[in-house]
Amino acid sequence: MKMINVKNMNKEHPITFSAEMVRAIFEGTKMQTRRLSKRYLQYKKGDVFWVKESYYIDKDSIGCGLYQYNLMYKSDCDYCDIKWKNPRYMPKKYSRLKIKLIKNIREEKLQDITEEDSNAEGFYNKETFKTFWDMLYLKEPKKQWQNNPT
């Protein structure tokens, strides 16, 4: 019997991304992410994040009381007129994307982002990152760019 040191094992954690950011990950333009929660500081290099995103499950009857389930993702379907399920409630089994943490997490003020970092976030420049950030936190003024949260 082989003993495993559980303390050193990489762990899996959920992380939520918008459809735009999921597309940027698949396109290879999003290599970083910024989060306001201090709980992310506990994660370590090597940990894996499974991505939660907006999704929809379509249930079709195929006869004899049997059903076929079709899973769709908002990031793949801009034109679809569908009531998407909130990614917050996405079960792990529906996740199609895993991201391995290759650098350690650090804490910094939001406005300390560089042009290079905004590109790694999947944006053309710092100004487009700022606009997207404020759109995300439209209803939470304390988290907006002007307040420079950590």
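This passage describes the fold, two buried polar residues and the aromatic contacts of a predicted protein model.

The overall layout makes a convenient starting point. Three helices and five strands make up the secondary structure of the protein, and from the N terminus these elements follow the order β-α-β-β-β-β-α-α. Along the principal axes, the C-alpha atoms occupy a box of roughly 60 × 55 × 25 Å. Of the 150 residues, 31% are buried. Contacts between residues at least 6 apart in sequence join residues at least 24 apart in 64% of cases. The exposed surface comes to about 10800 Å², with carbon and sulfur atoms supplying 53% of that area. The protein carries 30 positive and 20 negative charges, and the mean positions of the two sets lie 9 Å apart.

Two residues outside the helices and strands deserve a closer look. Ser54 belongs to the loop that connects β2 (48-52) with β3 (55-63). With a relative accessibility of 16%, Ser54 falls under the 20% cut-off and is therefore buried. Beyond residues up to four places away in sequence, Ser54 touches Met72, Tyr73, Lys74, Trp84, Lys85 and Pro87. Gln144, in turn, is located in the segment after α3 (126-136). Its relative accessible area of 13% makes Gln144 buried too. Once neighbours within four places in sequence are set aside, the contacts of Gln144 are Trp133, Asp134, Tyr137, Leu138 and Pro149.

Aromatic rings offer a further view of the model, which holds nine aromatic pairs. One of these joins Tyr43 and Phe49 in an edge-to-face arrangement, with 5.2 Å from centre to centre and 75° between the planes. Both partners are buried, Tyr43 at 7% relative accessibility and Phe49 at 6%. Another pair is formed by Phe129 and Trp145, whose ring centres are 6.3 Å apart; the planes meet at 75°, so this pair is edge-to-face as well. Because Phe129 lies in helix α3 and Trp145 in the segment after α3, the pair ties together parts that are 16 residues apart in sequence. Phe129 and Trp145 are each buried. These two residues also belong to a cluster linked by ring pairs, together with Phe123, Phe132, Trp133 and Tyr137. Trp133 and Tyr137 of this cluster appear again among the contacts of Gln144.

Rings also meet positive charges in this model. The charged end of Arg96 is placed over the ring of Tyr73, at 3.9 Å from the ring centre; Tyr73 is also one of the residues touched by Ser54. Similarly, Arg39 lies over the face of Tyr40, with 4.6 Å to the centre of the ring.

Terms used:
Residues numbered from 1 in each chain as written. Predicted model: local features only at pLDDT ≥ 70, side-chain atom pairs only at ≥ 80, totals over all residues. Heavy atoms only, no water. Helix = DSSP H or I, 4+ residues; strand = E, 2+ residues; numbered from the N terminus. Buried < 20%, exposed > 50% of the residue type's maximum accessible area, 1.4 Å probe, protein only. Contact = heavy atoms within 4.5 Å. Areas by Shrake-Rupley, 256 points an atom, 1.4 Å probe, with all protein chains shown as cover. Lys, Arg positive; Asp, Glu negative; His and termini not counted. Charge placed at Lys NZ, Arg CZ, Asp CG, Glu CD. Phe/Tyr/Trp six-rings, centres within 6.5 Å; stacked < 30°, edge-to-face > 60°. Lys NZ or Arg CZ within 6 Å of the ring centre and 35° of its normal.
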